[in-house]
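Subject: Structure handover

Hi,

Here is the structure I promised to pass on. Please open it before you read further.

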Number of protein chains: 2
Amino acid sequence: MTVEPIANPRKTPRQARAEATVEAIEQAAARILVQGGIEALNTNRIAEVAGVSVGSLYQYFPNKTAIMGALIRRKRARLLDGLRAAVASDAPPNTHMRRLILAFIHHQTGWPQLAQALDRAEVFLPLDEETRRFEAEILSILLPPVTAFGPDDPALAARDIMALCRGMVEAALLRGETDAEAICARLLPAITGYLKASSA
Amino acid sequence: MTVEPIANPRKTPRQARAEATVEAIEQAAARILVQGGIEALNTNRIAEVAGVSVGSLYQYFPNKTAIMGALIRRKRARLLDGLRAAVASDAPPNTHMRRLILAFIHHQTGWPQLAQALDRAEVFLPLDEETRRFEAEILSILLPPVTAFGPDDPALAARDIMALCRGMVEAALLRGETDAEAICARLLPAITGYLKASSA
DNA sequence: CCAAAATACGAGCCTTTGCTCACATATTGC
DNA sequence: GCAATATGTGAGCAAAGGCTCGTATTTTGG
């Protein structure tokens, strides 16, 4: 797996069937990732599962990495949408925090194995610049509600809370828990405890 | 990468130089994992970096997976030692918690990238039975101090705390933080918050 | 209709990589 | 010293997998 610049579509689909092909490829990649992890993901198999030929695959993706890249971009976009929606309305910071956490849980719940497989895959990809923008975006969403609690270092607090949530949620979902409210109910006191202590 | 039964040394070294060879192989694998991740780990390269021949490598490890297995076993043993030491002496549960967290942080700090690479690698390995025993062991260490705080479901609390710590510590170390005390100081209130809320 | 553009195909090239095997060297016990 | 045993070597096999390229088919615009 060569680590190259980045990975944008080689050719953008202009006809409807081309878009269907691209869609099929991404779906196939997702299915394979879920079932067999990164080690099971290879371009021949993707093409086979998608019901297209390798040639078609390489008409829209310059390399294997680009396919994972596309999946990751989708996942990120979905998460950002969820988080933005959570803080869209007017509400006290407490409520916003709660909604943010629930949004995060639901995001991972949708397809927990895919989410995890992608999380793990991200490390391999050189999406540096894009990743930085993505994380900045997340931070900018978390910052207002977190700041409302008055921690000394809001940015650090936001990052810590994000990491802490990710850890607990991933573990809970992998264990087979399905009740988002229950997970949220355990997470919130931890976050509150953190925030109370971090304001001088 | 074939997912096979398990992975014990094919031949146990009887002479000193043989042990040195095994050691060199494991060290090399660790170095490669740190520098290039799992994708860079292949048996030819391991042998090259270790300064031995592939043949020698396969005299002591039945397959590539077994090498990662050995590294993971080491890491786990080190973590268990650290945790056991943390709760060895008589002390109030508060102190024990603090020491446990510091032990965990130091464990990951030793070689954070290796720790992470191995964490990710674990998913690929079929160490199921061993993994279960390992997790049970960890739980048995955490349970006494956690129970002292009187949560409704001590086992769940212990698991949650573990996951939450892992998340925050990993993120902090990856960000480049080095002050274990500082990380611990932010983690403790979160844990306390969690525990306070989870006791009826 | 028809030519040009877009899309689809898949055999197969070429590299990577896990691993073996026939053989060489070192160590040990007697 | 001399087997017997343990250890070390590395060319190279076989399989897997990333990716190309010449060709076939479909769609589109006029």
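Below is what I found, starting with the chains and ending with the DNA.

One caveat before the details: this is a predicted model.

**The fold**

Chain A has nine helices and zero strands. Read from the N terminus, the elements run α-α-α-α-α-α-α-α-α. The C-alpha trace of chain A spans about 60 × 35 × 30 Å along its principal axes.

**How the two chains relate**

A turn of 179 degrees and a shift of 0.1 Å along the axis lay chain B on chain A, with an RMSD of 0.1 Å. That is the relation of a two-fold axis. Both copies use the same surface: 95% of the contact residues of chain B recur in chain A.

**The protein interface**

The contact involves 22 residues of chain B and 22 residues of chain A. About 2,100 Å² is buried between the two chains, and carbon and sulfur atoms give 69% of that area.

There are two residue pairs in polar contact between chain B and chain A, both at pLDDT 80 or more. On the side of chain B that touches chain A, α8 (154-175) and α9 (180-198) each supply at least two residues. Of the elements there, α8(B) gives the most, with nine residues. By class, this side of chain B has 13 nonpolar, two polar and seven charged residues.

The rule also finds four salt bridges across the interface. One of them joins Arg175(A) to Asp160(B). The closest N and O atoms of that pair are 3.6 Å apart.

**DNA strand C**

Strand C is surrounded by 25 residues. The closest are Arg14(A), Gln15(A), Thr21(A), Gly55(A) and Thr43(B). Of the atoms of strand C within 4 Å of the protein, 70% belong to sugar or phosphate, and the rest belong to bases.

Three pairs are worth a look in your viewer:

- Gly55(A): a polar backbone atom is 3.4 Å from a base nitrogen of DNA strand C.
- Tyr60(A): an N or O atom in the side chain is 3.1 Å from a phosphate oxygen of DNA strand C.
- Tyr58(B): an N or O atom in the side chain is 3.0 Å from a phosphate oxygen of DNA strand C.

Both chains contribute here. α1 (16-36) and α3 of chain A, together with α2 (43-50) and α3 of chain B, each supply at least two residues of the surface near DNA strand C. The largest share comes from α3(A), with five residues. This surface has eight nonpolar, eleven polar and six charged residues.

**DNA strand D**

Which residues are closest to DNA strand D? They are Thr43(A), Lys64(A), Arg14(B), Thr21(B) and Ser56(B), out of 26 that surround the strand. Sugar and phosphate account for 70% of the atoms of strand D that come within 4 Å of the protein.

Again, three pairs to look at:

- Thr43(A): a polar backbone atom is 2.6 Å from a phosphate oxygen of DNA strand D.
- Arg17(B): a polar side-chain atom lies 3.2 Å from a sugar or linking oxygen of DNA strand D.
- Ser56(B): a polar side-chain atom lies 3.4 Å from a phosphate oxygen of DNA strand D.

The elements that give two or more residues to this surface are α2 (43-50) and α3 (54-60) of chain A, with α1 (16-36) and α3 (54-60) of chain B. α3(B) gives the most, with five residues. The residues near DNA strand D divide into eight nonpolar, twelve polar and six charged.

Best wishes

Technical notes
Residues numbered from 1 in each chain as written. Chains lettered and ligands numbered in written order. Heavy atoms only, no water. Contact = heavy atoms within 4.5 Å. Buried area = accessible area lost by both parts, 1.4 Å probe. Salt bridge = Lys/Arg side-chain N within 4 Å of Asp/Glu carboxyl O. Polar contact = N/O pair within 3.5 Å; in protein donor to acceptor, adjacent residues only side chain to side chain. Helix = DSSP H or I, 4+ residues; strand = E, 2+ residues; numbered from the N terminus. Nonpolar A, V, L, I, M, F, W, Y, C, P; charged D, E, K, R; others polar. Least-squares fit on C-alpha atoms with pLDDT ≥ 70 in both. Near = heavy atom within 4 Å.
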